[in-house]
Amino acid sequence: MRALPGYRGTLAELYSSRANSFGVLRLVLASSVVVSHMFPIAWGHLDPLWKHSGLQTDIGKMAVVGFFVLSGFMITGSGARTTIGRFAWHRALRILPGLWGSLLVSALLIVPALYYYLHGTIHGYLHHPGGPVSYLEGTWNTSISNGWDISGVMAEGRNRGTNFDPGVNGALWSLKYEILCYVMVGLFAVGGVLMRARKLVPLLCGALLVLIVNDWLDAPGWRGIPGDMGSAVNVPFLGAMSNHFLIHLGFVFLIGATFNLYRERLPIHDGLAALSALVLALTLHFGGVFVFGYPAFAYLLIWLALRLPRPFQKIGRKRDYSYGIYIYGFTVEQALAMLGYAKYGKPVYLLAAMAGTVVLAALSWHLVESPAMKMKNWTPRIVRRIKARSAAASPAAQAAAEQPQGAAEQKPSPTVSA
(Lines give C-alpha, C1' and ligand atoms only; values in the text may rest on other atoms or scores of the structure.)
Protein backbone atom coordinates (compact mmCIF):
# COMPACT_ATOMS: atom_id res chain seq x y z
CA MET A 1 0.00 0.00 0.00
CA ARG A 2 2.77 2.44 0.87
CA ALA A 3 4.43 1.84 -2.50
CA LEU A 4 1.27 2.38 -4.53
CA PRO A 5 0.29 5.86 -5.82
CA GLY A 6 -2.53 7.35 -3.78
CA TYR A 7 -1.34 6.21 -0.34
CA ARG A 8 -1.87 9.00 2.19
CA GLY A 9 -0.81 7.36 5.45
CA THR A 10 -2.55 5.39 8.14
CA LEU A 11 -5.80 6.41 9.81
CA ALA A 12 -3.86 7.08 13.03
CA GLU A 13 -1.48 9.43 11.19
CA LEU A 14 -4.19 11.40 9.42
CA TYR A 15 -7.05 11.51 11.91
CA SER A 16 -7.53 14.57 14.08
CA SER A 17 -10.54 15.14 16.29
CA ARG A 18 -10.33 18.86 15.47
CA ALA A 19 -9.86 18.56 11.70
CA ASN A 20 -12.20 16.10 10.01
CA SER A 21 -15.37 16.06 7.94
CA PHE A 22 -17.55 13.90 10.18
CA GLY A 23 -19.89 16.86 10.68
CA VAL A 24 -20.71 17.36 7.01
CA LEU A 25 -21.09 13.60 6.51
CA ARG A 26 -23.64 13.43 9.34
CA LEU A 27 -25.57 16.33 7.80
CA VAL A 28 -25.61 14.62 4.39
CA LEU A 29 -26.76 11.33 5.92
CA ALA A 30 -29.50 13.02 7.98
CA SER A 31 -30.72 14.95 4.94
CA SER A 32 -30.70 11.73 2.92
CA VAL A 33 -33.09 10.24 5.46
CA VAL A 34 -35.48 13.16 4.91
CA VAL A 35 -35.25 12.66 1.14
CA SER A 36 -35.92 8.94 1.51
CA HIS A 37 -38.91 9.32 3.85
CA MET A 38 -40.86 11.68 1.62
CA PHE A 39 -41.66 8.86 -0.81
CA PRO A 40 -43.43 6.47 1.60
CA ILE A 41 -45.05 9.32 3.56
CA ALA A 42 -46.58 11.32 0.73
CA TRP A 43 -46.64 8.87 -2.19
CA GLY A 44 -46.91 5.45 -0.59
CA HIS A 45 -43.82 3.75 -1.99
CA LEU A 46 -40.13 3.51 -1.07
CA ASP A 47 -37.51 5.73 -2.67
CA PRO A 48 -36.02 4.84 -6.09
CA LEU A 49 -32.96 3.06 -4.65
CA TRP A 50 -35.25 0.30 -3.36
CA LYS A 51 -36.21 -0.67 -6.89
CA HIS A 52 -32.81 -0.03 -8.47
CA SER A 53 -31.02 -2.13 -5.82
CA GLY A 54 -33.23 -5.14 -6.47
CA LEU A 55 -35.22 -4.60 -3.24
CA GLN A 56 -32.06 -4.81 -1.14
CA THR A 57 -32.10 -1.40 0.50
CA ASP A 58 -33.15 2.23 0.14
CA ILE A 59 -31.54 5.62 0.65
CA GLY A 60 -32.82 5.95 4.22
CA LYS A 61 -31.48 2.58 5.36
CA MET A 62 -28.10 3.23 3.75
CA ALA A 63 -27.99 6.57 5.58
CA VAL A 64 -28.71 4.79 8.87
CA VAL A 65 -25.93 2.32 8.08
CA GLY A 66 -23.61 5.27 7.53
CA PHE A 67 -24.63 6.78 10.86
CA PHE A 68 -23.81 3.53 12.65
CA VAL A 69 -20.38 3.30 10.99
CA LEU A 70 -19.45 6.83 12.06
CA SER A 71 -20.98 6.28 15.48
CA GLY A 72 -19.02 3.06 15.96
CA PHE A 73 -15.80 4.90 15.17
CA MET A 74 -16.41 7.93 17.40
CA ILE A 75 -18.18 6.25 20.31
CA THR A 76 -15.48 3.59 20.63
CA GLY A 77 -12.89 6.34 20.93
CA SER A 78 -14.98 8.00 23.64
CA GLY A 79 -15.35 4.70 25.50
CA ALA A 80 -11.59 4.19 25.49
CA ARG A 81 -10.86 7.70 26.81
CA THR A 82 -13.41 8.14 29.60
CA THR A 83 -14.62 6.34 32.69
CA ILE A 84 -17.79 4.29 32.37
CA GLY A 85 -19.81 6.77 34.40
CA ARG A 86 -18.69 9.73 32.33
CA PHE A 87 -19.19 7.74 29.11
CA ALA A 88 -22.79 6.87 30.02
CA TRP A 89 -23.50 10.47 31.04
CA HIS A 90 -22.15 11.85 27.76
CA ARG A 91 -24.17 9.38 25.69
CA ALA A 92 -27.37 10.15 27.60
CA LEU A 93 -26.87 13.90 27.16
CA ARG A 94 -26.38 13.52 23.42
CA ILE A 95 -29.44 11.34 22.78
CA LEU A 96 -32.15 11.92 25.35
CA PRO A 97 -32.65 15.71 25.74
CA GLY A 98 -33.02 16.21 21.99
CA LEU A 99 -35.31 13.20 21.72
CA TRP A 100 -37.52 14.35 24.60
CA GLY A 101 -37.71 17.83 23.13
CA SER A 102 -38.85 16.48 19.77
CA LEU A 103 -41.46 14.27 21.44
CA LEU A 104 -42.92 17.23 23.32
CA VAL A 105 -42.95 19.41 20.22
CA SER A 106 -44.71 16.66 18.28
CA ALA A 107 -47.22 15.68 20.97
CA LEU A 108 -48.03 19.17 22.26
CA LEU A 109 -47.65 21.42 19.21
CA ILE A 110 -47.50 19.80 15.77
CA VAL A 111 -49.95 16.92 16.13
CA PRO A 112 -52.57 18.96 18.09
CA ALA A 113 -52.47 21.51 15.27
CA LEU A 114 -53.07 18.71 12.76
CA TYR A 115 -55.89 17.34 14.93
CA TYR A 116 -57.53 20.78 14.87
CA TYR A 117 -57.00 20.96 11.09
CA LEU A 118 -58.78 17.63 10.66
CA HIS A 119 -61.63 18.07 13.13
CA GLY A 120 -62.03 21.80 13.60
CA THR A 121 -61.64 21.40 17.36
CA ILE A 122 -59.06 20.22 19.87
CA HIS A 123 -61.72 18.48 21.95
CA GLY A 124 -60.93 14.80 22.37
CA TYR A 125 -57.23 15.07 21.62
CA LEU A 126 -55.84 14.94 25.14
CA HIS A 127 -58.19 12.26 26.47
CA HIS A 128 -57.99 9.92 23.49
CA PRO A 129 -57.04 6.32 24.52
CA GLY A 130 -53.97 6.61 22.31
CA GLY A 131 -53.40 10.24 23.12
CA PRO A 132 -50.24 12.27 23.80
CA VAL A 133 -49.71 10.94 27.32
CA SER A 134 -49.76 7.36 26.10
CA TYR A 135 -47.45 8.27 23.21
CA LEU A 136 -44.92 9.97 25.49
CA GLU A 137 -44.98 7.07 27.95
CA GLY A 138 -44.18 4.65 25.14
CA THR A 139 -41.52 6.67 23.31
CA TRP A 140 -39.44 8.50 25.93
CA ASN A 141 -37.06 5.52 26.09
CA THR A 142 -37.23 4.84 22.29
CA SER A 143 -39.12 1.56 22.80
CA ILE A 144 -42.27 2.82 20.95
CA SER A 145 -44.22 0.44 23.17
CA ASN A 146 -47.59 2.25 22.88
CA GLY A 147 -47.72 2.64 19.12
CA TRP A 148 -46.66 5.20 16.55
CA ASP A 149 -49.81 7.37 16.30
CA ILE A 150 -51.27 10.08 18.56
CA SER A 151 -55.04 10.35 18.98
CA GLY A 152 -55.64 8.73 15.60
CA VAL A 153 -54.30 11.71 13.63
CA MET A 154 -52.14 9.67 11.27
CA ALA A 155 -54.88 7.08 10.87
CA GLU A 156 -57.26 9.83 9.78
CA GLY A 157 -54.68 11.09 7.30
CA ARG A 158 -54.43 7.62 5.80
CA ASN A 159 -58.21 7.38 5.59
CA ARG A 160 -58.30 10.66 3.67
CA GLY A 161 -55.52 9.56 1.33
CA THR A 162 -53.04 12.28 2.23
CA ASN A 163 -50.66 10.19 4.33
CA PHE A 164 -49.41 6.69 3.69
CA ASP A 165 -47.38 6.01 6.85
CA PRO A 166 -49.07 5.31 10.22
CA GLY A 167 -46.41 6.87 12.45
CA VAL A 168 -45.95 10.37 13.82
CA ASN A 169 -42.19 9.84 13.73
CA GLY A 170 -41.08 6.64 12.05
CA ALA A 171 -37.45 7.75 12.09
CA LEU A 172 -37.19 6.95 15.80
CA TRP A 173 -36.99 3.20 15.12
CA SER A 174 -33.17 3.19 14.93
CA LEU A 175 -32.46 5.02 18.20
CA LYS A 176 -32.86 1.99 20.45
CA TYR A 177 -30.35 0.09 18.32
CA GLU A 178 -27.96 3.00 18.73
CA ILE A 179 -28.46 2.96 22.51
CA LEU A 180 -27.85 -0.79 22.62
CA CYS A 181 -24.57 -0.28 20.75
CA TYR A 182 -23.60 2.34 23.36
CA VAL A 183 -24.27 -0.22 26.08
CA MET A 184 -22.07 -2.71 24.22
CA VAL A 185 -19.19 -0.21 24.07
CA GLY A 186 -19.65 0.53 27.78
CA LEU A 187 -19.37 -3.18 28.57
CA PHE A 188 -16.26 -3.38 26.40
CA ALA A 189 -14.75 -0.47 28.34
CA VAL A 190 -15.57 -1.97 31.74
CA GLY A 191 -14.19 -5.35 30.69
CA GLY A 192 -10.93 -3.85 29.42
CA VAL A 193 -11.62 -4.98 25.86
CA LEU A 194 -10.90 -1.60 24.29
CA MET A 195 -7.45 -1.37 25.91
CA ARG A 196 -6.22 -4.93 26.44
CA ALA A 197 -8.30 -7.29 24.29
CA ARG A 198 -9.26 -5.31 21.24
CA LYS A 199 -9.16 -8.42 19.02
CA LEU A 200 -12.55 -9.34 20.47
CA VAL A 201 -14.18 -6.48 18.53
CA PRO A 202 -13.24 -7.62 14.98
CA LEU A 203 -13.92 -11.22 16.01
CA LEU A 204 -17.45 -10.29 17.06
CA CYS A 205 -17.81 -8.29 13.86
CA GLY A 206 -16.75 -11.37 11.88
CA ALA A 207 -19.25 -13.54 13.72
CA LEU A 208 -22.06 -11.18 12.73
CA LEU A 209 -20.78 -11.26 9.15
CA VAL A 210 -21.13 -15.05 9.15
CA LEU A 211 -24.79 -14.65 10.14
CA ILE A 212 -25.31 -12.05 7.41
CA VAL A 213 -23.75 -14.33 4.79
CA ASN A 214 -26.05 -17.12 5.94
CA ASP A 215 -29.07 -14.79 5.60
CA TRP A 216 -27.91 -13.72 2.16
CA LEU A 217 -27.59 -17.30 0.95
CA ASP A 218 -31.04 -18.14 2.34
CA ALA A 219 -32.71 -15.08 0.81
CA PRO A 220 -35.45 -15.63 -1.79
CA GLY A 221 -33.23 -13.97 -4.40
CA TRP A 222 -29.55 -13.11 -4.67
CA ARG A 223 -30.37 -9.42 -4.61
CA GLY A 224 -33.17 -9.44 -2.04
CA ILE A 225 -33.27 -9.19 1.72
CA PRO A 226 -33.85 -12.32 3.86
CA GLY A 227 -37.41 -13.59 3.86
CA ASP A 228 -37.74 -13.72 7.65
CA MET A 229 -37.85 -10.10 8.77
CA GLY A 230 -40.44 -10.52 11.50
CA SER A 231 -38.38 -12.29 14.16
CA ALA A 232 -37.58 -10.12 17.15
CA VAL A 233 -36.25 -10.26 20.70
CA ASN A 234 -37.43 -8.30 23.72
CA VAL A 235 -34.64 -6.28 25.30
CA PRO A 236 -35.16 -4.83 28.81
CA PHE A 237 -36.00 -1.11 28.76
CA LEU A 238 -35.76 -0.92 24.94
CA GLY A 239 -38.57 -3.33 24.06
CA ALA A 240 -38.91 -5.46 20.93
CA MET A 241 -35.94 -5.33 18.56
CA SER A 242 -35.65 -6.93 15.12
CA ASN A 243 -33.06 -9.71 14.89
CA HIS A 244 -32.31 -8.56 11.35
CA PHE A 245 -31.39 -5.03 12.38
CA LEU A 246 -29.63 -6.17 15.55
CA ILE A 247 -27.26 -8.17 13.37
CA HIS A 248 -26.87 -5.73 10.47
CA LEU A 249 -26.57 -2.51 12.46
CA GLY A 250 -24.40 -4.20 15.05
CA PHE A 251 -22.15 -5.37 12.21
CA VAL A 252 -21.58 -1.93 10.70
CA PHE A 253 -21.20 -0.34 14.15
CA LEU A 254 -18.44 -2.84 14.92
CA ILE A 255 -16.78 -2.09 11.58
CA GLY A 256 -16.48 1.52 12.69
CA ALA A 257 -15.25 0.40 16.11
CA THR A 258 -12.62 -1.84 14.50
CA PHE A 259 -11.41 1.03 12.33
CA ASN A 260 -10.87 3.08 15.48
CA LEU A 261 -9.13 0.37 17.47
CA TYR A 262 -6.83 -0.57 14.59
CA ARG A 263 -6.36 2.90 13.17
CA GLU A 264 -2.56 2.52 13.17
CA ARG A 265 -2.96 -0.37 10.69
CA LEU A 266 -5.71 0.97 8.45
CA PRO A 267 -4.28 2.56 5.29
CA ILE A 268 -5.97 5.62 3.85
CA HIS A 269 -5.55 5.14 0.12
CA ASP A 270 -7.29 6.94 -2.72
CA GLY A 271 -7.22 3.82 -4.88
CA LEU A 272 -8.78 1.74 -2.13
CA ALA A 273 -11.52 4.37 -1.76
CA ALA A 274 -12.22 4.21 -5.51
CA LEU A 275 -12.37 0.41 -5.30
CA SER A 276 -14.78 0.68 -2.36
CA ALA A 277 -17.05 3.00 -4.33
CA LEU A 278 -17.02 0.53 -7.24
CA VAL A 279 -17.81 -2.43 -4.96
CA LEU A 280 -20.67 -0.50 -3.37
CA ALA A 281 -22.14 0.38 -6.77
CA LEU A 282 -21.79 -3.18 -8.10
CA THR A 283 -23.39 -4.76 -5.03
CA LEU A 284 -26.28 -2.31 -5.14
CA HIS A 285 -26.91 -3.36 -8.73
CA PHE A 286 -26.09 -7.07 -8.75
CA GLY A 287 -26.58 -8.09 -5.10
CA GLY A 288 -24.59 -8.71 -1.94
CA VAL A 289 -24.73 -5.19 -0.54
CA PHE A 290 -25.04 -6.53 3.02
CA VAL A 291 -21.94 -8.71 2.67
CA PHE A 292 -19.61 -6.64 0.49
CA GLY A 293 -21.29 -3.26 0.12
CA TYR A 294 -21.50 -2.40 3.81
CA PRO A 295 -17.73 -2.76 4.48
CA ALA A 296 -16.98 -0.85 1.27
CA PHE A 297 -19.38 1.92 2.29
CA ALA A 298 -17.79 2.04 5.75
CA TYR A 299 -14.29 2.52 4.35
CA LEU A 300 -15.54 5.12 1.87
CA LEU A 301 -17.08 7.17 4.70
CA ILE A 302 -13.87 7.13 6.74
CA TRP A 303 -11.88 8.08 3.66
CA LEU A 304 -14.23 10.99 2.95
CA ALA A 305 -14.01 12.15 6.57
CA LEU A 306 -10.26 12.56 6.15
CA ARG A 307 -9.88 13.47 2.49
CA LEU A 308 -12.62 16.01 1.80
CA PRO A 309 -11.22 19.53 1.25
CA ARG A 310 -10.52 21.64 4.32
CA PRO A 311 -13.60 23.93 4.02
CA PHE A 312 -15.84 20.89 4.64
CA GLN A 313 -14.16 20.38 8.00
CA LYS A 314 -15.80 23.52 9.37
CA ILE A 315 -19.35 22.32 8.65
CA GLY A 316 -21.07 20.96 11.73
CA ARG A 317 -18.07 21.44 14.01
CA LYS A 318 -19.67 24.05 16.29
CA ARG A 319 -23.34 23.61 15.39
CA ASP A 320 -24.35 20.02 14.72
CA TYR A 321 -27.89 20.03 13.33
CA SER A 322 -27.72 16.46 12.03
CA TYR A 323 -29.46 14.84 15.00
CA GLY A 324 -32.22 17.44 14.95
CA ILE A 325 -32.75 16.88 11.22
CA TYR A 326 -33.04 13.17 11.84
CA ILE A 327 -35.55 13.36 14.71
CA TYR A 328 -37.76 16.13 13.26
CA GLY A 329 -37.78 15.42 9.52
CA PHE A 330 -40.34 12.62 9.55
CA THR A 331 -42.91 14.57 11.59
CA VAL A 332 -42.53 17.66 9.42
CA GLU A 333 -43.08 15.56 6.31
CA GLN A 334 -46.18 13.96 7.81
CA ALA A 335 -47.58 17.40 8.58
CA LEU A 336 -46.89 18.69 5.06
CA ALA A 337 -48.48 15.62 3.50
CA MET A 338 -51.61 16.07 5.61
CA LEU A 339 -51.79 19.73 4.58
CA GLY A 340 -51.75 18.69 0.93
CA TYR A 341 -48.26 19.76 -0.12
CA ALA A 342 -47.74 16.56 -2.11
CA LYS A 343 -49.94 17.98 -4.89
CA TYR A 344 -47.23 20.55 -5.66
CA GLY A 345 -44.79 17.83 -6.66
CA LYS A 346 -41.69 16.30 -5.11
CA PRO A 347 -39.27 19.26 -5.49
CA VAL A 348 -41.61 21.73 -3.75
CA TYR A 349 -42.57 19.19 -1.10
CA LEU A 350 -38.93 18.35 -0.35
CA LEU A 351 -37.90 22.02 -0.24
CA ALA A 352 -40.67 22.80 2.24
CA ALA A 353 -39.81 19.71 4.31
CA MET A 354 -36.11 20.57 4.49
CA ALA A 355 -36.84 24.19 5.39
CA GLY A 356 -39.17 23.29 8.24
CA THR A 357 -36.90 20.52 9.44
CA VAL A 358 -33.76 22.68 9.50
CA VAL A 359 -35.58 25.40 11.47
CA LEU A 360 -36.67 22.89 14.11
CA ALA A 361 -33.22 21.25 14.12
CA ALA A 362 -31.56 24.61 14.70
CA LEU A 363 -33.93 25.41 17.56
CA SER A 364 -33.29 21.96 19.01
CA TRP A 365 -29.54 22.46 18.89
CA HIS A 366 -29.46 25.96 20.37
CA LEU A 367 -32.22 25.53 22.95
CA VAL A 368 -31.86 21.88 23.99
CA GLU A 369 -28.92 19.87 22.67
CA SER A 370 -26.09 22.38 23.05
CA PRO A 371 -27.14 23.51 26.57
CA ALA A 372 -27.41 19.85 27.58
CA MET A 373 -23.91 19.09 26.27
CA LYS A 374 -22.52 21.91 28.41
CA MET A 375 -23.35 19.71 31.40
CA LYS A 376 -21.00 16.93 30.25
CA ASN A 377 -18.44 17.71 32.98
CA TRP A 378 -21.05 17.95 35.75
CA THR A 379 -20.47 15.62 38.68
CA PRO A 380 -23.07 14.89 41.41
CA ARG A 381 -22.16 16.32 44.80
CA ILE A 382 -22.07 12.93 46.45
CA VAL A 383 -19.60 11.67 43.84
CA ARG A 384 -17.39 14.74 44.38
CA ARG A 385 -17.38 14.07 48.13
CA ILE A 386 -16.44 10.42 47.64
CA LYS A 387 -13.59 11.41 45.32
CA ALA A 388 -12.37 14.03 47.77
CA ARG A 389 -12.35 11.52 50.64
CA SER A 390 -10.56 8.95 48.49
CA ALA A 391 -7.92 11.49 47.52
CA ALA A 392 -7.46 12.57 51.13
CA ALA A 393 -7.07 8.95 52.25
CA SER A 394 -4.53 8.06 49.57
CA PRO A 395 -0.97 7.10 50.70
CA ALA A 396 0.51 10.13 48.88
CA ALA A 397 -1.82 12.52 50.72
CA GLN A 398 -1.06 10.90 54.06
CA ALA A 399 2.69 11.11 53.40
CA ALA A 400 2.39 14.78 52.53
CA ALA A 401 0.43 15.42 55.71
CA GLU A 402 3.07 13.68 57.86
CA GLN A 403 5.99 15.50 56.16
CA PRO A 404 7.83 18.07 58.37
CA GLN A 405 6.78 21.65 57.71
CA GLY A 406 10.25 22.74 56.68
CA ALA A 407 10.56 19.96 54.19
CA ALA A 408 7.14 20.78 52.78
CA GLU A 409 8.23 24.35 52.11
CA GLN A 410 11.29 23.26 50.12
CA LYS A 411 10.76 23.48 46.41
CA PRO A 412 12.73 21.65 43.75
CA SER A 413 14.89 23.72 41.48
CA PRO A 414 13.30 24.50 38.15
CA THR A 415 14.37 22.53 35.11
CA VAL A 416 14.90 24.08 31.72
CA SER A 417 13.80 22.22 28.61
CA ALA A 418 15.56 22.70 25.34
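This text goes through a predicted model, from the whole protein to a network of salt bridges and then to a patch on the surface.

The protein has 418 residues, and 48% of them are buried. Its secondary structure consists of 18 helices and four strands. The accessible surface amounts to about 21000 Å², and carbon and sulfur atoms supply 65% of that area. Contacts can also be sorted by how far apart the two residues are in the sequence. Among contacts with a separation of 6 or more, 76% are between residues that are 24 or more positions apart.

Salt bridges show how particular parts of the chain are joined. The structure holds nine of them. One is formed by R26 and D320, whose closest N and O atoms are 3.3 Å apart. This pair links distant parts of the chain, with the two positions 294 residues apart in numbering. R26 belongs to helix α2, which covers residues 22-42, while D320 is in the loop between α13 (289-307) and α14. Both R26 and D320 are buried.

D320 has a salt bridge with R94 as well, and here the closest N and O atoms are 3.5 Å apart. R94 lies in helix α5 (residues 84-119) and D320 in the loop between α13 and α14, so this salt bridge ties together parts that are 226 residues apart in sequence. Like D320, R94 is buried.

Which residue forms a salt bridge with R94 at a closest N and O distance of 2.9 Å? The partner is E369. Because R94 is in helix α5 and E369 is in helix α15, the pair ties together parts that are 275 residues apart in sequence. E369 is buried, as is R94. Salt bridges with shared partners therefore join R26, R94, D320 and E369 into one network. Following the network from R26, the reader passes to D320, from D320 to R94, and from R94 to E369.

The last feature is on the surface. Y117, L339, Y341, Y344 and V348 make a nonpolar surface patch of about 480 Å². One of these residues, Y344, can be found in the loop between α14 (322-338) and α15 (346-373). Helix α15 has already appeared above, as the helix that contains E369.

Notes
Residues numbered from 1 in each chain as written. Predicted model: local features only at pLDDT ≥ 70, side-chain atom pairs only at ≥ 80, totals over all residues. Heavy atoms only, no water. Patch = residues over 30% accessible without salt bridge, like charges linked within 9 Å, V, L, I, M, F, W, Y side chains within 5 Å. Areas by Shrake-Rupley, 256 points an atom, 1.4 Å probe, with all protein chains shown as cover. Salt bridge = Lys/Arg side-chain N within 4 Å of Asp/Glu carboxyl O. Buried < 20%, exposed > 50% of the residue type's maximum accessible area, 1.4 Å probe, protein only. Contact = heavy atoms within 4.5 Å.
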